[in-house]
Amino acid sequence: MISLRTCWAFLSIFILITLQNTYAQSAQQEAEEMLGLVNVLRANNGIAPVVLNVELNQAAYDHSDDMARNNYFSHTGLNGSTFSQRAIAAGYMGSPRGENIAAGNYSVMNTFNQWVNSSGHLNNMLNSNVNEMGIGHAAFNGSTYTHYWTQIFGYGSDVLAVEDIDLADNIIVYPNPVKDILHIRFENLSQERLDLKLITTTGQIVYQQLINSFDADLTLSIGHLPTGIYFLYAQNTLIQKTIKY
């Protein structure tokens, strides 16, 4: 017979997992909503759109979470870090170009309007020399403003065509999209099982496969995916440039 304590333990784990999944979905929705607002603003001013970058998202969230939990509001982290240092530490391979922070509002729209109504923040969103963005929102009850937001802009090579893909340290990948088919020829020099992923700019995994062979040709249909930018991951950590079709 299961004890009451055990039941409560299972219930607590279930609630925690549910909250984590809900937050993950919310974070993605917030990122996509903010991206849309920023790109409409840029389009209205004749400026090319930006795309979401996974590492910039992570750096932005980490700074928002740090401010919320430690109850401060500054572009400088408690450890003395700048936004550029935080972006690079999160694995960003481009050039960090600017950061916006805001506090006090729960909604994406109200936070966006805070930045629009501030010349310095507006200039960051209208910077024609950036092509990538990250957004992070964290909340902590008991802090001065409760809700904290960070927006980071950068210029990276993640908008290059797929034929410009870089070589990995232990994997050679040659993608060549033809008629919505991605052809990948890889040589797994490490002789380890290969974990291959294709993810969206907001971090959603749209394809994942574990490959046991060391040398292979892989054909991946991408016709069902929306037009846009995708990242090819190997072994969970290595981004292989952007796939665009």
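**Figure 1. E99 and R86 join up in a salt bridge.** In this predicted model, the side chains of E99 and R86 meet in a salt bridge, with N and O 2.9 Å apart. The pair ties together distant parts of the chain: E99 sits in strand β2 (residues 95–103) and R86 in helix α3 (residues 83–89), with their positions 13 residues apart in the numbering. Are these two partners buried or exposed? Both E99 and R86 are buried. For E99 the relative accessible area is 6%, so E99 falls under the 20% limit for a buried residue.

**Figure 2. Around E99: a histidine contact and the other neighbours.** Stay with E99 in strand β2 and look at what else surrounds this residue. The E99 side chain makes a polar contact with the side chain of H75, at 2.7 Å. Which residues does E99 touch once neighbours within four places in sequence are set aside? They are H63, H75, F83, R86, N124, T150, Q151 and I152. So R86 from the previous view turns up here again, along with H75.

**Figure 3. A salt bridge within helix α2.** The structure holds two salt bridges, and here is the one between the side chains of D65 and R69, also 2.9 Å from N to O. Both residues belong to helix α2 (residues 54–70), where they are four residues apart, about one turn of the helix. Side chains of opposite charge can pair when their charged atoms come close. How exposed is each partner, D65 and R69? D65 has a relative accessible area of 18%, under the 20% limit, so D65 counts as buried. R69 comes in at 52%, over the 50% limit, and therefore counts as exposed.

**Figure 4. The largest nonpolar core.** This core has 20 residues, and those with the most contacts inside it are M34, V38, F112, W115, M125, M133 and I135. Where do the residues come from? At least two each are supplied by α1 (4–44), α4 (108–116), β3 (132–139) and β4 (147–155). Helix α1 gives the most, with six residues. In soluble globular proteins, nonpolar side chains tend to be buried together.

**Figure 5. Zooming in on M133, then over to a second core.** Leaving out residues up to four places away in sequence, M133 touches M34, L35, V38, V50, V51, L52, N53, L56, N57, Q151, I152 and F153. A second core, separate from the one around M133, has eleven residues, including L196, L198, I211 and L225.

**Figure 6. Where to trust the model, and where to be wary.** Confidence across the protein chain averages a pLDDT of 76, and 66% of the residues score at least 70. Which elements mark the two ends of the scale? Strand β5 (residues 171–175) has the lowest mean pLDDT, 44, while α4 has the highest, 97. Over residues 9–25 the pLDDT stays under 50, and the model gives this stretch two contacts beyond four places in sequence. Residues 158–176 are also below 50, but this stretch has 57 contacts beyond near neighbours in sequence.

**Figure 7. Stepping back to the whole chain.** Five helices and eleven strands make up the secondary structure. Of the 245 residues, 41% are buried. Among contacts with a separation of 6 or more, 63% are between residues 24 or more positions apart. The chain exposes about 13000 Å², with carbon and sulfur atoms supplying 54% of that area.

Note on methods: Residues numbered from 1 in each chain as written. Predicted model: local features only at pLDDT ≥ 70, side-chain atom pairs only at ≥ 80, totals over all residues. Heavy atoms only, no water. Salt bridge = Lys/Arg side-chain N within 4 Å of Asp/Glu carboxyl O. Buried < 20%, exposed > 50% of the residue type's maximum accessible area, 1.4 Å probe, protein only. Core = buried A, V, L, I, M, F, W, Y, C linked by side-chain atoms within 4.5 Å. Contact = heavy atoms within 4.5 Å. Polar contact = N/O pair within 3.5 Å; in protein donor to acceptor, adjacent residues only side chain to side chain. pLDDT = per-residue confidence, 0-100. Areas by Shrake-Rupley, 256 points an atom, 1.4 Å probe, with all protein chains shown as cover.
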